[in-house]
Amino acid sequence: MMKYEIILYWSNEDNAYIAEVPELSGCMADGATAGDALANVEIIANEWIQTAQELGREVPQPKGRLKYA
């Protein structure tokens, strides 16, 4: 289970739900349903982390829920 914050929203432009992981730069996925987008972003986030580790890049620690927005 991923511990990073996920922002989930509907995109009229993409006609899909979008899930973003703000702490992992550029990490986002879409889906026809909110559940699909969340499942897809978990796969993408794991791939993001794996790629960063393979390249010797720093992987940020999950900060959890934002206290303000």
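**Note on the predicted model**

1. The backbone nitrogen of K63 lies 2.8 Å from a polar atom of the E23 side chain. That fits the definition of a polar contact by distance (a pair of N or O atoms within 3.5 Å; within protein, one must be able to donate a hydrogen and the other to accept it, and residues adjacent in sequence count only if both atoms are side-chain atoms). E23 itself sits in the loop between strand 2 (16-20) and strand 3 (28-31).

2. This is a predicted model, in which local features need pLDDT of at least 70 and side-chain atom pairs count only at pLDDT 80 or more, while totals for chains, interfaces and linings use all residues. Residues are numbered from 1 along each chain as its sequence is written, and side-chain values use heavy atoms, with hydrogens and water left out.

3. Which side chain of opposite charge is nearest to E23? The answer is K63, 5.3 Å away; E23 is buried yet has no salt bridge. Buried means under 20% relative accessible area, exposed over 50%, and partly exposed in between (1.4 Å probe, protein chains only). A salt bridge needs a side-chain nitrogen of Lys or Arg within 4 Å of a carboxyl oxygen of Asp or Glu. For charge, Lys and Arg count as positive and Asp and Glu as negative; His and the chain ends are not counted.

4. The chain has 1 helix and 3 strands, in the order β-β-β-α along the sequence. Helices (H or I, at least four residues) and strands (E, at least two) are DSSP runs, numbered from the N terminus. Of the 69 residues, 28% count as buried.

5. E20 lies in strand 2 and is partly exposed, at 22% relative accessibility. Its side chain makes a polar contact of 2.5 Å with the side chain of Y9. Leaving aside residues up to four places away in sequence, E20 touches E5, I6, I7, Y9, C27 and M28, where contact means heavy atoms within 4.5 Å.

6. A search of the whole structure gives 1 aromatic pair. W10 and Y17 form this pair, edge-to-face, with 4.9 Å centre to centre and 75° between the planes. Rings of Phe, Tyr and Trp (its six-membered ring) pair if their centres lie within 6.5 Å; planes under 30 degrees apart count as stacked, over 60 as edge-to-face and the rest as tilted. W10 is partly exposed at 38%, and Y17 is partly exposed at 28%.
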